[in-house]
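Me: I am new to this one and would like to understand the words people use for it. Could you walk me through them?

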Amino acid sequence: MIPAAFEYERATSVQQASELLQRFGEDAKVLAGGHSLIPLMRLRLSQPSALVDINPIKELDYITVEGGKLRVGALVRHVQLQNSDTVKQNLPILAEVADEVGDNQVRNLGSIGGVMAHADAAGDYPTLALILDAEIVTNKRRHAAKDFFKDIFTTPLEHDELVCEVVFPIANGPHKYIKFRRRLFDWAIVGAAAQKVDGGWRIGLTNVGPTPVRSTAVEQALASGASPADAAEHASDGLNPSADLRASADYKKHLARVLTRRAIEQASA
Amino acid sequence: MKRKVALTVNGSRREDEVEPRLLLVHYLRDVAGLTGTHIGCDTSQCGACTVLVDGKAVKSCTLFAVQAQDAEVETIEGLATGDQLHPLQQAFWDNHGLQCGYCTPGFIMAGVYLLSQNPNPTDDEIRKGLEGNLCRCTGYVNIIKSVKDAAQKMGAAKGAGTPVAAGGE
């Protein structure tokens, strides 16, 4: 389908994007990689009155390490994360997850900032951000990941607030992200992340609820010496996933346990 | 309100007035008259509309034409040199890499991108490189074979110092 008509402006700086968003008001949307927004607009599930195209903003395209943190500009594309030596050395799980987002065409355009702002329950980066205590930095303030993913497609972002950067801790120890799906380019039916940070495990799940989930019960079980298999039994504690076309709620809970066990085992191997 | 967009399509500079909501694929087909780029789905999944924008494979149904301002766009029509097919086109022909042919332009453009990044891919790398393209009749075996054949011929041509036909490389 053809998207509904909208006004369109290009921004070349964060300052200019902020001004345009203020001018266009509440019904405007930011256009980054567009790989969630444009499909939604084509289905007319989203009908913004205006788009502020931030793709020309060069200052949002960088990957650096500074003060023990990996700083990723909002417009960094999946393909850049996938191939970046800086990411591979400092947060390899992020490069591996990027390698499995969508397909080449999607990875060439989709951006990390867009994934965060869109807050799809099946997004992979939000789970990493949550378990790693990442920060989402905007043109107005800094959000802790745990306070950012409020509900499905829902964040505290205001209409004139623009995601500028995601700041991750450096974590290059044992890690594994397992994405269970029927076809290579699909979203996760369920995803499970295991990452060791300072000797302790961080465990998280994707697409088992409206927001990413940190599996603190599994982390605690591992910390008290439980085997991966025993600890992973707690992965479905308190989960209340909704059924969808691809999986029933019970099946998602089953996947949460199985994938968590595999993620811990494969990370430790 | 229409906006001016200026871009290069297959080496030719163009300037047109378009609505911002016009998708690049509709621009290429309906405004530029290049109907080799196909539309196979409505959900950004099938890859039939794959073109190169500044050398990168993208789904032209998931990009507005106005976003291609100042870009170099290459479509299936830009690959051959006169009657000389691009090695990938020739390889799809030689290896029966198509049946109905609807998905073929997208596969070939995705293949051109893949070989620009990885001139000598393994079967697995080809499969992963083409994961964004769907075929509903030939099946993938001959498509993989075609890309592999093209990679070998292009490698051999490069080795011999012969220029490879136009493309994103």
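Reply: Gladly; here are some questions and answers on this predicted model.

Me: Why is the pair A:Phe148 and A:Phe149 called edge-to-face?

Reply: Their ring centres are 5.1 Å apart and their planes stand at 90°. Pairing needs centres within 6.5 Å, and planes over 60 degrees apart count as edge-to-face, so both conditions are met. The search of the whole structure finds three aromatic pairs over all chains.

Me: Are those two residues, A:Phe148 and A:Phe149, buried or exposed?

Reply: A:Phe148 and A:Phe149 are both buried, a word kept for residues under 20% relative accessible area.

Me: What makes the charged end of A:Arg23 count as sitting over the ring of A:Phe24?

Reply: The charged end of A:Arg23 is 4.9 Å from the centre of the A:Phe24 ring. The distance limit is 6 Å, and the charge is indeed listed as sitting over the ring.

Me: How do you know that β1(A) and β3 of chain A pair?

Reply: Four bridges join β1(A) to β3 (residues 50-53), and the two run parallel. Pairing takes at least two bridges, so these strands qualify. As one example, A:Glu7 has A:Ala50 in β3(A) as its bridge partner.

Me: What makes β1 and β2 of chain A edge strands?

Reply: The open sheet has three strands in the order β1-β3-β2 (chain A), with parallel pairing. β1 (7-10) and β2 (28-31) each pair on one side only. From one strand to the next, the twist averages 20°.

Me: Which helix packs on the sheet?

Reply: Helix α1 (residues 14-24) of chain A does, touching β1, β2 and β3 of chain A. The direction of helix α1 makes about 165° with that of β1(A).

Technical notes. Residues numbered from 1 in each chain as written. Chains lettered and ligands numbered in written order. Predicted model: local features only at pLDDT ≥ 70, side-chain atom pairs only at ≥ 80, totals over all residues. Heavy atoms only, no water. Phe/Tyr/Trp six-rings, centres within 6.5 Å; stacked < 30°, edge-to-face > 60°. Buried < 20%, exposed > 50% of the residue type's maximum accessible area, 1.4 Å probe, protein only. Lys NZ or Arg CZ within 6 Å of the ring centre and 35° of its normal. Axes fitted to C-alpha atoms, helices over the stretch in contact; angles between N-to-C directions. Contact = heavy atoms within 4.5 Å.
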